[in-house]
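Let's look at a protein model together and ask how each label is earned. Each answer sets a value beside its definition.

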Amino acid sequence: MVFSSLEFIGIFLPIFFACYYIVPMRMKNAMLFIGSLVFYFVGTTDHLEHYILFLVSVITDFWLGIAMDRHPKWKKPLLISGILYHFGVLFAYKYMGFVAGEINSLIPGMDLVVKLVLPIGISFYTFQGVSYLIDVYRGTVPVEKSLLNYGVYITMFAQLIAGPIVTFDHVRRELHKRELKIKTILNGVGIFIFGLGLKVLLANPLGKLWGQLDAIGYDSISTIFAWVGIIAFSFQLYFDFFGYSLMAIGLGRMMGFELPQNFNHPYISRSMTEFWRRWHMTLGSWFREYVYIPLGGNRVGKVALVRNLFIVWMLTGIWHGAGYNFVLWGFSLWAILMIEKFFLLKYLDKWKIFSHLYMILLIPLSWAIFAIENMEDLGVFFTRLFPFFGQGPESLIGIDYLEPLQIYWPFLLAGLLFSTTLPYKLLERFKKNKVVVVVVLAAILGGSIYCMYMGYDDPFLYFRF
Amino acid sequence: MKKQNTITMWILIGIIALIVIFILATGRTSLAPKPTPNGGGNTQQESEKDDYDVSEDTEDTEEIESTETTESEEESNQPSKPAGVTASMDTALFIGDSRTVGIQTYTKELTATADFFAAVSTTITGVVNYNDKIDVEGVGNVTISELLSQKKYDKIYIMLGINEASDYPSNIARNTQKLLDLIQEKQPGSVIFIVANLYVSETYQSSRPAFSTANMQAINNAQAALANNQDIFYLDPNFMFVDENGNLSMDYSGDGCHLQNKSCDKLVEWIISETKRILGL
């Protein structure tokens, strides 16, 4: 059940919040736990084993935390066993199929078949569970003594399937005591609707443009269409994920939680270094806190620093998926960040226009590697983006982009606009005018529901993670 | 706290136990109902594909047998050339959905002079029961009935069905029959080709059970049974585009559902050659 579906908005949300607001404060965690378990159950009815895996994961983490607290001598083995369990399961579900396929292709006659469907949200709840265990091990958070509270932390439906990746420290206080103010709840409703609009009204149509290009086949498209397509994908990915993160934050506020911000206008960045401080911020924080700093962070020599960042970016790459393109994507980002760190950043800081042009070029190119999983197709696509790489000038003269541009230009324009800070500044300015806010939100909600009703909705891109 | 943890723990263990009992008792890890024998594809799961057996259903069995007869007859009884029918695309009409729009867009060298009553998401039920209007180049925004009243065609290709794949194949066949009746009423003497719905890729159908290859075959078989091999023929191009598992191969499709540009050419070339072969043109 995705947030941008009629089932969620029309059935789950009204029933859940009616119950949640009716029950007394001391029962709210229990209500949220039940609601979240129902939410995840609906999403796993085709693979009930995923549900068992999820519950086992919650129970295991909780008792490992308790055991670490009670038996300090055994802290390390308990932590290691927890990490091995989590990453073992994640590896099995996410990467075994890919590994088996590679073994088959390397060894003649080998026919390993691994067909495991990735459980919804496993990449997110694995990271949350592991962060909790490490925090308890380090003593940076007190162990949670209530299974109910810990269960709410992991299962909370607002962030369960697609983040933001919330650490226990972030919500610990609210798990024990939180306030529900009308103003915060209404603010949460507004954020949820705005996120829904970004997802349904902006990301989905742009996704269709990319899908159209994908369906035609990369070897048949012109250079301009290739650029239009990958720009559309870049906007789709951003508004899809940003919209979903906003919906999560909005839902969190409606329940009295302040979930962390996940995006901060990444497309206005002037370097890749800055971009990754603004994009999927909770993932970046996770890798910094639990991989980069334990490796020594930046308090090491240059060689070790380069190595540490290499490890972080390769892990970031493969976290996003099992495929050579994700390895290449992680490697490319690492290489770009290293070039920026040791050479380019000082120039990018000085030259504003150049730095924006640099990012306008680099962002779609990096997303092309991310989007196209088949390496051969990726190669073909790059020859379309840059026709002087073997394709020849004929792909420059195609006019296949005219028809899709006629349909999608308003969405591309809106994508460009909403990538800047301008609309958000305008919203901020009109925030006090309640009539304007209500009218805008009602229009967004109405438009989104209409599109969902008409079946213009797409599954959330980040579900495969 | 201890009491609360115990209660929570028992509730979670209880849920796990219930699910384990369900899995052990039914041998299934999915709550989705098993596919109905007559092809209610919207409930069918990929993992159950092998269990799917359309032959359990009497109606569909007849349809399959009929299809086999159709194919064998096609080989042995070459019909004579129908009067007035030519090989030219000038007098051809394609009725279809987004896949046909792909043909219209990317096979201009082959089909520039043909007419296309095709739009994204088109269904047979929409065309015959709801009088959906489609913008036909050079004609305007018309229903199929209006189009068939305005222009004369000698070859009409029907390429529909996938957008209503969650419906029963027998219902789809019933609506296809209505479309055939309408065409025969408005365009006497024309030859109609029902082109089989192309399958979708394994990945594509994994999240859309209605599009499973088994269900698409059931729909195709139901439509194939409507062919009479006199003026209604059935063409199945799937053999050209399937992978080793019988699903649409990603070698021919970008998104697992629609054919790529070059594959559209291949499909149309095959349709044209089959048309000539069948009609002896």
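Q: What makes the backbone oxygen of B:Ala165 and the side chain of B:Asn215 a polar contact?
A: In this predicted model, a polar atom of the B:Asn215 side chain lies 2.9 Å from the backbone oxygen of B:Ala165. A polar contact is a pair of N or O atoms within 3.5 Å; within protein, one must be able to donate a hydrogen and the other to accept it, and residues adjacent in sequence count only if both atoms are side-chain atoms. The distance of 2.9 Å is within that limit, so the pair fits on distance.

Q: How were the residues chosen and numbered?
A: Residues count from 1 along each chain as its sequence is written, chains are lettered from A and ligands numbered from 1 in the order in which they are written. Local features need pLDDT of at least 70 and side-chain atom pairs pLDDT 80 or more, while totals for chains, interfaces and linings use all residues; side-chain values use heavy atoms, leaving out hydrogens and water.

Q: Why is B:Asn215 called buried or exposed?
A: Buried means under 20% relative accessible area, exposed over 50%, and partly exposed in between (1.4 Å probe, protein chains only). B:Asn215 has 0% relative accessibility, so B:Asn215 counts as buried. This residue lies in helix 9 (residues 213–224) of chain B; helices (H or I, at least four residues) are DSSP runs, numbered from the N terminus.

Q: Why do A:Tyr408 and A:Phe411 get the labels they do for accessibility?
A: A:Tyr408 has a relative accessible area of 10%, so A:Tyr408 is buried. A:Phe411 has 26%, so A:Phe411 counts as partly exposed. Both lie in helix 17 (residues 402–419) of chain A, three residues apart, about one turn of the helix.

Q: How many aromatic pairs are there, and what makes the pair of A:Trp279 and A:Trp367 tilted?
A: A search of the whole structure finds 79 aromatic pairs over all chains. The rings of A:Trp279 and A:Trp367 are 4.8 Å apart, centre to centre, with 45° between the planes. Rings of Phe, Tyr and Trp (its six-membered ring) pair if their centres lie within 6.5 Å; planes under 30 degrees apart count as stacked, over 60 as edge-to-face and the rest as tilted, so this pair is tilted. The two residues are 88 residues apart, and both are buried.

Q: What makes A:Lys94 a charge over the ring of A:Trp319?
A: The charged end of A:Lys94 sits over that ring, 5.0 Å from its centre. The rule asks for NZ of Lys or CZ of Arg within 6 Å of the ring centre and within 35 degrees of the ring normal. A:Lys28 likewise lies over the face of A:Tyr20, at 5.2 Å from the ring centre.

Q: Why is A:Leu148 called buried or exposed, and which residues does A:Leu148 touch?
A: At 10% relative accessibility, A:Leu148 counts as buried. Contact means heavy atoms within 4.5 Å, and the residues A:Leu148 touches include A:Phe33, B:Gln4 and B:Thr8. A:Leu148 is in helix 6 of chain A.

Q: How many residues of each chain are in contact between chain A and chain B?
A: There are 26 residues of chain A in contact with 26 residues of chain B. Zero salt bridges are counted between them; a salt bridge is a side-chain nitrogen of Lys or Arg within 4 Å of a carboxyl oxygen of Asp or Glu.

Definitions and conventions:
Lists of a residue's contacts leave out its neighbours within four places in sequence.
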